[in-house]
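Reader: Please take a close look at one part of this model, the nonpolar interior, and set out what packs there. I would like one connected account.

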Amino acid sequence: MTSFFDRMLGKSKPAAAGTVPKQDGSPVQKTTDKVEKPPTAAATEPTQSFVCREPVLDRDKRISGYQFSLPEDVEQRLQNDFEFLPRIYDDAILRNLTSLGNDALLGPRLAFIRLSPDSLDNKRLHELPKENTVLMLAPVHPTLEAERILRQLDILRQAGFSYGWLLRQNQIARFSQLPIMAASADYVQIDATGFDGMGVRLLTKSLTAARSAKLPKLRLGASGLNAVDEFDSYFQAGFDFFLGPFVTRRENWHPPKSNINRLQIIKLLNLLGSDAEIATIAEQFKHDPVLAFKLLRYINSAAMGLRTPIVNMDKALMLLGREKIYRWLSLLLFDFKAPGHEERVLTEQALSRGHFLESLAAQGSMPAQADSLFILGLFSLLDQLMDQTMANLLLQAKLPKAVHDALLGQTGPYRNALRLAIAAEGQSPQDLEQQATLCGLESLQVSQCAMQSLAWAHQISSVEAA
C-alpha cells in the first residue's frame, strides 16, 4: 500500500546506508514495476518528507516568506487520480507544518501554504498561526464547488486567516467562475509559465473590475519566474511578490562590494583555529578599523549586558571567548554593504544550513562535533559568496580536515551531512528520503529541523551582523 503513495510522490524505497553513490553523489537505487491495487480512503497516510519550500520576494527584493507545497509533479498527478488523495496529502503537509507549534513556523514572515479547496474543513488549519498564514488554493478536480468553497473561505477569513488562489491558464479556461472567486481573495498568484504579457494584463484588469470596492487592494504574485527579465516585467506591472527559479539561480552573478575584508576574517579564523595567543589575534583586529569597530560595538551591545563599556581589544576577546569569536567572525563573512535579493537568499541559505547541521549533531550517524557542522554548512556557499573556487578558498582557510575534505566533495560522514542539508532545500522528496536514511535519520525529524533552521536564519539575517 505504501509503495502506491511512494510512486505518487515520485519516490521509491530509500537506498541503504551502504549503497554505492553515483558520480553526481546520489545513491544508486533499483526500481521495480510491481503493480499495486488502488488504495481506499482508509489507506495509510503518506510520509511527511515531501513538503517543498520556496522563497518569496517582495517589491523590496527581500524574502517576505516561503511557499510550502507538494512537488510539482505530484500535484499534477493528483489532478487525474482518486478524488480523496488531495485531502490525504494536504493533511500530511498541515501535520508537518503544525508539528512545530504556533510560534515556530516562520516568525513574522508569511507562510504561503498551497492546498486543495477540498481541505478547507481540515481541523489542522486552526493550529496554524493566523497572523502570517496565507492559504493558497489550487483546484485539482474537474469540478469546482464554488458555493461551498466560498462559504468555507468566509468562515476562515472571519477566524483571522488570509487566503489566495493560484491561477493557471488551463484552469481559467476550465473553470469560468475561478477569476470571479479569486477577485474576492486577499492574494492572487499567477503562474507565469502559461501567460504572455497581454494575457496577464487582461487577467489583472478583469480581477480589478470584479473586486468589491469594500475590500482592500488585491495583492498579486507571480510564480514560475525563470529569469530576472521575467521578474522585471511583473515588477513593472505592479505585482507584489515573486517566486520561481530565478530567486536562487546565480548564473553570471558577482558578489557586491562590502566594507568587510573577508581575507582578513579568514586569517583571523586561522589564528583562532591554531590556538594563537589572544594578544596576537587582538593585534590583527587593530590592523583593520572596520573589524575593530564591529567587535567593540558587538561586545558593548545591550545584549551582552556589560555595566562598563569595553574599549580594550584584548579584554573584549577574552570576555567573548574563542568559540564565540569564531562564530561571530564566520557570520561576518555574510555582511554586505548593500545586498540585493541574491545576497539575501544566499545569506539565509548558508545560515540555515549551518544551524540545520548543528542541530542534528550526534543524531543518527551524524558527526558529534556541532561547531564543525555549523561551519560546514556556513562555508558550503562561500565559493559563491566570494566568487572564487572552493579549492582556492580552502588554501587560505585552516579548517578541520573532515570539514575541508567534505567541502571539496570527498566522501565521508561530513559529506553525507552536507548532502542532507542540500536535499532539505530541494524539490525532490526522493533525494531527501535517501539522504536522511544514509544519515540514520527520520524524514519528519529532518523536515522539522529544516523549518526551525529557517526561522533561526531569519532572526540572524534580519539584524545587521554586529
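Author: What follows goes through the two cores, one helix of interest, and then a few single residues. The model is a predicted one.

The largest nonpolar core holds 71 residues. Within this core, the residues with the most contacts are Phe285, Leu329, Phe356 and Leu420. Helix H19, residues 413–425, supplies the largest share, seven residues. Domain 2 (262–333) and domain 3 (341–465) each give residues to this core, so the core lies between the two domains.

Phe356 shows what such packing looks like in detail. Leaving aside neighbours within four places in sequence, Phe356 is in contact with Leu420, Ala421 and Ala424. On the same terms, its contacts also include Val446, Cys449, Ala450 and Ser453. Of these partners, Cys449 counts as buried, because its relative accessibility is 6%. Another cysteine, Cys52, is buried as well, at 2% relative accessibility. With a cut-off of 2.5 Å between cysteine sulfur atoms, the model has zero disulfides.

Helix H21 spans residues 443–461 and contains Ala455. At 18% relative accessibility Ala455 counts as buried, since the limit is under 20%. Ala455 and Glu348 are 107 residues apart in sequence, yet their C-alpha atoms are 9.8 Å apart in space.

Ser380 is a polar residue to set beside these. Ser380 sits in the loop between H15 and helix H16 (382–386), and at 11% relative accessibility it counts as buried. Not counting residues up to four places away in sequence, Ser380 touches Arg353, Met390, Leu407 and Leu418. Ser380 is also 9.7 Å from Val403, C-alpha to C-alpha, with their positions 23 residues apart in sequence.

Now to the other core. A second core, separate from the one above, has 54 residues, among them Trp165, Val200, Leu203 and Phe239. Two of these residues, Val200 and Leu203, also appear among the buried residues of helix H7.

Helix H7 runs over residues 197–210 and has 14 residues. From its first C-alpha to its last, H7 reaches 20 Å, close to the 20 Å expected at 1.5 Å a residue. Its buried residues are Val200, Leu203, Thr204 and Leu207. These residues lie on the same side of H7, because they cover an arc of only 95 degrees around the axis. An α-helix has 3.6 residues a turn, so residues three or four places apart point the same way. The face of H7 turned away from the buried side carries exposed residues: Arg201, Leu202, Lys205 and Ala209.

The cover over the buried residues of H7 is made up of both strands and helices. The strands include S5 (162–167), S6 (187–191) and S7 (219–223). The helices include H5 (169–174), H6 (178–182) and H8 (228–236).

Two loop residues can be set against this interior. Ala362 lies in the loop between helix H14 (341–359) and helix H15 (370–379), and at 51% relative accessibility it counts as exposed. Phi of Ala362 is near 70 degrees, a positive value in a residue other than glycine. Lys61 is in the loop between strand S1 (52–57) and strand S2 (63–69). Phi of Lys61 is likewise positive, near 60 degrees, and at 34% relative accessibility Lys61 counts as partly exposed.

Definitions and conventions
Residues numbered from 1 in each chain as written. Predicted model: local features only at pLDDT ≥ 70, side-chain atom pairs only at ≥ 80, totals over all residues. Heavy atoms only, no water. Core = buried A, V, L, I, M, F, W, Y, C linked by side-chain atoms within 4.5 Å. Buried < 20%, exposed > 50% of the residue type's maximum accessible area, 1.4 Å probe, protein only. Helix = DSSP H or I, 4+ residues; strand = E, 2+ residues; numbered from the N terminus. Domains from an automatic or database assignment. Contact = heavy atoms within 4.5 Å. Expected span 1.5 Å × (residues − 1). Arc of directions from axis to C-beta.
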